[in-house]
Amino acid sequence: MTTKERVYAYKDEIIASLARLVKYNSVEGTPTETEPFGPTCAAVLKEALGMMEEHGLKTTNLDNYIGFGEIGEGDKLVGVLGHLDIVPAGDGWNTDPFTVTEKDGKLYGRGTSDDKGAMVASMYALQILQDEGYKFNKRVRLITGTNEETGSRCLAHYVEKEGHFDYGFTPDANFPGVYGEKGMVSARFSCNDSRIISINGGEASNVVCNKCTTVLPNDFCDFDKVKQYLEKENLEYTLTDVAEGKELLVRGVAAHASTPYLGRNAISYTFQALAFAGSNDPLVTKYNALIGLATDGSNCNVKYEDKYGALTFNNGVIKTEDGVIWGTIDIRTGLLVKSEEIVERMQKAFDTIGLTLQVRGLVAPLFYEPETPWVQAMVKAYRDVTGDMDTQPMTIGGGTYAKGINNCIGFGCEFAGDDNHIHDANEFVKISDLLLQVEIYVETIKNLCEL
Ligand SMILES: [Zn+2]
């Protein structure tokens, strides 16, 4: 029997196993004394560990933060690291998000791709290796966390208790592997000497703002010119008379903060329009000088590019609170630059122009040379199984578990060109893709064991 035949023989069982995990609405909940992420996250972890026992793995539950199943012998440890928690299902589903529903060769349900599907695929990869009589000369651990979506405190707990592994992957990204993840800087600017009565826009710092509402005094600027600018830019807007003066609503286009150039920022266009209309309000002037329409940070002197990609800059949210206007900044740095250096350059630019800046978080980039043998071992497994020699290993602006543990990269479970509606309504995985994942992980685990 070939590996593919073995995988396909398990098809119905794999789908049933996925359904056992998808039925838990494992969004982070209220902690109890023994359940740090709430009872449902603890329950789905228990279910997954039970399934691993059924598949011949020796399991450990680390205080309901995270657990693992292990097989094999040896000093070296191979890690497969994924998560069982999910983001809220939200609206817009055509099926029950917690019941795996098969339609046109696809399995719908929250977590079918991110990341419960990959956990089931990894479990069956280890089952098939046992069926094939494979001799594990290293220990292999399937590690399942329950807090990836809301802070990865599960992985921090794992590293504290169990340390790092020697080689590993997190099937929570893309094939054929992600050897670099940009660093991140999150910050806030604030201003308390503006005549803007209120400005509010955006819902999340990591999304390009697609709607911004500003209330302004009647003598703030020439509102005919505001209209003229927005029409020239082909942006949807409304301008209404309100008790305090005028209310301007500008609509932009949302995009993820790691690709802000794909969106149109409603906040940035609002400030551009106000300047075009003759406003010399301090915030309008300072915003345009430091941020403007640039999505590469060029206005505040943090533009950076290396052979792996360019820095991105996004102001996702702006709010007026107690007379202070503040906004978020989300920067994805390059791979070969220190996040501290970006902060220093940005701070200097903001100080010079006189806009208050508060840095709230720094994450270092992750980078492994693509030629690293254990990285190559994974890429080879993907290529040998799929025959796809064209899709290259990549770098991303987002972050995965790989940043939280040594010797780990994102590998799978999304295939190039696929959009599985991750974090969105109607999330799915193609059955053929799920089975292909199993086949790839069988080969990958073998390759890593043989390093
Ligand atoms: Zn995920």
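In this predicted model, Arg188 stands opposite Thr328, a residue of strand β19. The strand that pairs with β19 here is β10, residues 184-191, and the two are joined in the antiparallel sense over 8 bridges. Strand β19 itself covers residues 324-332 and is mostly covered, since 7 of its 9 residues are buried.

Two further strands also pair with β19. Strand β17, residues 312-314, runs antiparallel to β19 and is joined to it by 3 bridges, while strand β18, residues 318-321, pairs with β19 in the antiparallel sense over 4 bridges. The table sets these pairings side by side, with one pair of opposite residues for each.

| Strand paired with β19 | Bridges | Residue in that strand | Residue opposite in β19 |
|---|---|---|---|
| β10 (residues 184-191) | 8 bridges | Arg188 | Thr328 |
| β17 (residues 312-314) | 3 bridges | Phe313 | Ile331 |
| β18 (residues 318-321) | 4 bridges | Lys319 | Trp326 |

Strands β18 and β19 form a hairpin with 2 residues between the strands, and in this hairpin Asp322 takes a positive phi near 50°. Another positive phi, of about 90°, is found at Gly278, just after helix α7. That helix, residues 266-276, is mostly covered, with 10 of its 11 residues buried; among them are Tyr269, Phe271 and Leu274, as well as the polar residues Ser268, Thr270 and Gln272.

Elsewhere in the chain, helix α2 (residues 11-22) and helix α3 (residues 39-54) have axes that come within 9 Å and cross at roughly 155°. Because angles over 145 degrees count as roughly antiparallel, α2 is described as roughly antiparallel to α3. On the side of α2 the contact is made by Ser17, Arg20 and Leu21, and on the side of α3 by Val44, Glu47, Ala48 and Met51. When the residues of this contact are sorted by character, 4 are nonpolar, 1 is polar and 2 are charged.

The loop between α2 and α3 contains Pro36. This proline counts as buried because 20 other C-beta atoms lie within 10 Å, and the cut-off for a buried residue is 20 or more. Leaving aside residues up to four places away in sequence, Pro36 touches Pro31, Asn64 and Tyr65. Asn280, by contrast, is 244 residues from Pro36 along the chain, and the C-alpha atoms of these two residues are separated by 51 Å.

How values were computed:
Residues are numbered from 1 along each chain as its sequence is written. This is a predicted model: local features need pLDDT of at least 70, side-chain atom pairs count only at pLDDT 80 or more; totals for chains, interfaces and linings use all residues. A residue is buried if 20 or more other C-beta atoms lie within 10 Å of its own, exposed if 12 or fewer, and partly exposed in between; C-beta atoms are placed from the backbone. Axes are lines fitted to C-alpha atoms, for helices over the stretch in contact, and angles run from 0 to 180 degrees between N-to-C directions. Angles under 35 degrees count as roughly parallel, over 145 as roughly antiparallel, 65 to 115 as roughly perpendicular and the rest as oblique. Two residues are in contact if their C-beta atoms, placed from the backbone, lie within 7 Å. Two strands pair if DSSP finds at least two bridges between them.
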